[in-house]
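Q: Please take a close look at the charged side chains of this structure and how they pair. A connected account would be welcome.

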Amino acid sequence: MNKRKTGFLVGTIALTSLAMIKWLSLNQRLKDLEEAKESLSASQTNLHLMQERQNRRTEGDIARIQEEIGAVYEHIEALSKEREEG
């Protein structure tokens, strides 16, 4: 009986120890994942801001190109009128 109780006690302590180690390991993994998530979130925010800046720059470039094209068409129209008159 004594060996049986000792074996049961040792088994219980071993299983409890393994369960605690597993719990601590999972808890550490959860903390690591939360840190990684925060890092990714910050990176995503930075990328979003960079993309917004790039979009504004591109929109400005497009507006300037459209103005230039309009000016070219005005010059072509003026030259056409000069040719018709001349």
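**Salt bridges and surface patches**

A: Searching the whole structure yields two salt bridges, a salt bridge being a side-chain nitrogen of Lys or Arg within 4 Å of a carboxyl oxygen of Asp or Glu. The model is predicted, so local features need pLDDT of at least 70 and side-chain atom pairs count only at pLDDT 80 or more, while totals for chains, interfaces and linings use all residues. Residues are numbered from 1 along each chain as its sequence is written, and side-chain values use heavy atoms, with hydrogens and water left out.

One salt bridge joins Arg64 to Asp61, at 2.3 Å from N to O. Arg64 and Asp61 are three residues apart in helix H1, and therefore about one helical turn separates them; helices are DSSP runs (H or I, at least four residues), numbered from the N terminus. Arg64 is partly exposed at 48% relative accessibility, and Asp61 is partly exposed at 35%. Here buried means under 20% relative accessible area, exposed over 50%, and partly exposed in between (1.4 Å probe, protein chains only).

Lys81 makes a salt bridge with Glu77, their closest N and O atoms lying 3.7 Å apart. Both residues, Lys81 and Glu77, belong to helix H1 and are four residues apart, about one turn of the helix. Lys81 is partly exposed, with 47% relative accessibility, and Glu77 is likewise partly exposed at 47%.

Note on methods: Helix = DSSP H or I, 4+ residues; strand = E, 2+ residues; numbered from the N terminus.
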